[in-house]
Every structure is written in structure tokens, then in C-alpha cells.
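Hi,

Here is the structure I promised to pass on to you. Could you open it next to this message and follow along?

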Amino acid sequence: MAFYTIYASRNDTEDINGLIQEVFQEGFKITASQKEVEIQPKSWFSKNKIIIKWDSEDTNPEYFKNNIPGMMGFYQNHIPFEDDDLQYRVMMQISVFNTIVAIETEKDYNDAYMQRFVELQGKMDGIGFISDGTLIDRDGRVIVYPSGKSGPAEFSPRACTRKIRGEDKTTPEGKQRKEQSIAYLKDKQVPVLDTLPELPPLEEMGIRSLEEIARRAVALLIVIQYACDINQDNDLEQSKTFVLEMLDKYGVADVLTESEQELLDEEEPEHQAAVNLAWQYEAYWALLWILGLLDTLDFPDGICDCDFAINTVSNCSSFAEFVDKTSMRSAEEILDEADKIYRMHWACVNHRIQGKEAPAGISESVVMERRRGLFWALGYRNEEWDHISMDT
């Protein structure tokens, strides 16, 4: 026998049977019961039967109580991670697992079977566990090998809303905001999920100050210029000198995030890290809107005006001059916009899982970065810039 296990953090497990049948509908005979599916290949020459069982923390709390701590101990004490930050992210992910799908095959499974397993975990937004300790991300890339070596996956923990916030709460304020967002999105021909929870009310947010938001915006813009030079293979020594001078000029070097500082410190910075940071122009654009420097935050079906974005700061001789031009929007406006982008993000993810383009011409990358800026400014869950949760 051979085994493959999918772990996930999900609000419910009612769709798992259907997801399994979607993945194995061609070339297999499926016999399903309440929480178990037997899958038999139709080919005469392949008789490697698959049994899939699943359970959740709701229906089997003892399993998760007894096994999740052991799994955390295994990855803390027996896998010598070469990247401490990756270990931290893996531990965070394990801590919020509430769904398990156990796959058992009669004989060793081949690549074709593995592709099906990865497809299933992608639909579940989960990660795969191989018995030697290898972890596989939702797209089939290795997160970490048993040796502790990092894989190619760009892994971030994902948790369902119930694990993060407990049972969904509703308030008159949150209900009204949700209804307004849904009406807006329907008008824009963007699909909505009526059961997607409300965001917490304003009283539960920790709105950041105008100065903190302004400092984050200026520091981010400056480092983005370095990321763009990396992507364009420009003279990095000259670029870094300029960027450091600008950070000093505006007095914002002390608010760089860990990932931004790492990019500046690397002798040979990775292009993918630079690409990821360059996309944060869109998060910066959201901050400009929050600071009152944009009249509107347009529908996210295109990228921001980079020239305007740069000139907003470069036309100011000091940070104080930049701040003098700002006028922070109300917390209500910011939360209203965050609620819309949160629901747009669900629509993007839902379409991607189904293999479709994002609806209404939306750019998922733009949506994600606007979400970063808006949620960070709100102080949502007190999360840091580099680690804004993107659960939907």
C-alpha cells in the first residue's frame, strides 16, 4: 500500500465528495459513501485501487487534538529547515488545519495518480503530505524536503475564516456593509458568495495613523524602484546607492519590511522577489487613496498610473511636505473599500480554481495588492505588511 494525505483549513467539508468525483470522473469507476470513496481504474491493465477518506475537526475533534501537535513536533524537531522563516510559516499552517483527506492506494502510485492527487488538493486549497516528510503546495511544488531543504514553492499559510475568527459573527454594521458590497459587485457583473462572512466592525479594527501610513507608502515606493531596476537588469550598485539616499532623505529607512530589507541586502537579488515587490505598486496605490491623494480607487481591471505614483512623492522635497498634501479618508470609507476587495478576491480565487479567467476583466494580482494595503491600514488582525492573510 502507498499513502498520500491532504491537509487543509476549510469552513466546511460538504463539497469534498463532489470535488473527488470531479477529479476522477474520467477513466475511473467511483463508489461513494458518506465519508469514503472507492475509486477503481477502468483500464484492464491498471488495477491500482484508491480509497479516499476524509474527516474534519467538527466531526472528529479528538483526531485533531491528538495528531496536530504531533505533526507540529515532527516539523519542529525532525526536519532541519534551512530557512527558519519557512519553518515558522509551515508551523503556522499546521496549527490551523481542520480537514484531512487520507488517500490510500493498493500499490505505489505513479505520476498520473500524483497529478490527480495534486489537482484535488488544489481544489481544496490544501497541501500534500508524503510519508517521508515532504510537503507539497496546492500547485504541486515542493514546500520542504525531508532534508530540510526548501523547495521551489512560494508558500504562505492559508486559513479559513472560522479558524481565524471563530464562528462567523454578524453585526448591523457588518451586515449593511456586506449588502452594499454585494450590490456593487453584482452591478459590475462580479459573482458573489452570499455566505462569505462579514468583516469585523470598525470597533474591532486598529486603524493605523496617517503618519504611519504615509511612511509606509514612501518607503514602499522607493524600494519598488530598486525592484524595477532588478527586473530591467539595470546597474544595481548605482540603483541601490540612489535608493538608500532617498530612504535617508525622506527618513523612512526604519520602516522597511523584512522582505524589502532582504532584497536590498542580497548581493544577487532574485528576479521573482523583485517581481513580487514591483506588484506592490498596487498596494501603494491603495495607500495613496487612503491618504486622499486619489479621488477614487478605480475598478481593478488595469494597473495603476506609475508615473503619477512616483511624482506624488518625488515632487516633494521632504517627508513633511508629502504629509502636508495628505488628508486621510474616514475609517468607514476604508473598511467599505476593503469589504469590496475582499469579496472580489473570492471571485478571482473561485474562477482560478475552476480554470477560468477572473471575472469582469479583474486582475487578481491587483486585487491582492490592494487588499494588502487596505487591510494593513485598517490594522486587520494586527498583521504585518509581509504577512497579510489572503484567505477567502
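**What I found**

Asn382 is exposed, at a relative accessible area of 57%. Here "exposed" means over 50% relative accessible area, "buried" means under 20%, and "partly exposed" is in between, with a 1.4 Å probe and protein chains only. Asn382 sits in the segment after helix α15 (364–378). From Asn382 to Tyr4 there are 378 residues in sequence, and their C-alpha atoms are 36 Å apart in space.

Before going further, please note that this is a predicted model, in which local features need pLDDT of at least 70 and side-chain atom pairs count only at pLDDT 80 or more, while totals for chains, interfaces and linings use all residues. Residues are numbered from 1 along each chain as its sequence is written, and side-chain values use heavy atoms, with hydrogens and water left out.

Helices and strands are DSSP runs numbered from the N terminus: H or I over at least four residues for a helix, E over at least two for a strand.

**The sheet**

In what order do the 8 strands of the open sheet run? The order is β2-β3-β4-β5-β1-β6-β7-β8, and the pairing is antiparallel. Strands β2 and β8 (142–144) are the edges, each pairing on one side only. Two strands count as paired if DSSP finds at least two bridges between them. As general background, strands of a sheet pair through backbone hydrogen bonds, either parallel or antiparallel.

At the β2 end, β2 (residues 28–32) and β3 (residues 36–41) are antiparallel and share 5 bridges. A hairpin of 3 residues links β2 to β3, and Thr31 has Glu38 of β3 as its bridge partner. On to the next neighbour: β3 and β4 (residues 50–56) also run antiparallel, joined by 4 bridges, with Val37 partnered by Ile52 in β4. Further along the sheet, β1 (residues 2–8) and β6 (residues 127–129) are antiparallel with 3 bridges, and there Ile6 stands opposite Gly128 of β6.

Strand β3 is a nice one to look at side by side with its faces. In a regular strand the side chains alternate between the two faces of the sheet. In β3, Val37, Ile39 and Pro41 point to one face and are buried, whereas Glu36, Glu38 and Gln40 point to the other and are not.

Just before β2, Gly27 lies in the loop that follows α1 (16–23). Gly27 is partly exposed, at 44% relative accessible area. Leaving aside residues up to four places away in sequence, Gly27 touches Gln40, Pro41 and Lys42, where contact means heavy atoms within 4.5 Å.

**A pocket and Arg216**

The second largest pocket has a volume of about 230 Å³. A pocket here is an open set of points on a 1 Å grid over the protein atoms alone, where a 1.4 Å probe fits and there is protein on both sides within 12 Å along at least five of seven lines; lining residues have an atom within 4 Å of a point. Grid points are joined across faces, edges and corners, and the volume is the space filled by probe spheres set on the points.

Its lining includes Arg208, Glu212, Arg216, Glu258, Trp376, Trp385 and His387. By class there are 4 nonpolar, 2 polar and 6 charged residues; Ala, Val, Leu, Ile, Met, Phe, Trp, Tyr, Cys and Pro count as nonpolar, Asp, Glu, Lys and Arg as charged, and the others, Gly among them, as polar.

Is Arg216 buried or exposed? Arg216 counts as buried because its relative accessibility is 3%. Arg216 belongs to helix α7, and among its contacts beyond four places in sequence are Val255, Leu256, Glu260, Leu287 and Trp376.

**Cysteines**

How many disulfides are there? The count is 0, a disulfide being a pair of cysteine sulfur atoms within 2.5 Å. For Cys304, the nearest cysteine sulfur belongs to Cys306 and is 4.3 Å away. Cys304 is buried, at 8% relative accessibility. For Cys348, the nearest is that of Cys304, 17 Å away, and Cys348 is buried too, with 1% relative accessible area.

**Two loop residues**

Gln189 has a positive phi near 65° without being a glycine. It lies in the loop between α6 (172–187) and α7 (210–231), and Gln189 is exposed, at 63% relative accessibility. Asp233, also not a glycine, has a positive phi of about 55°. Asp233 is in the loop between α7 and α8 (236–250) and is exposed, at 61%.

Happy browsing!
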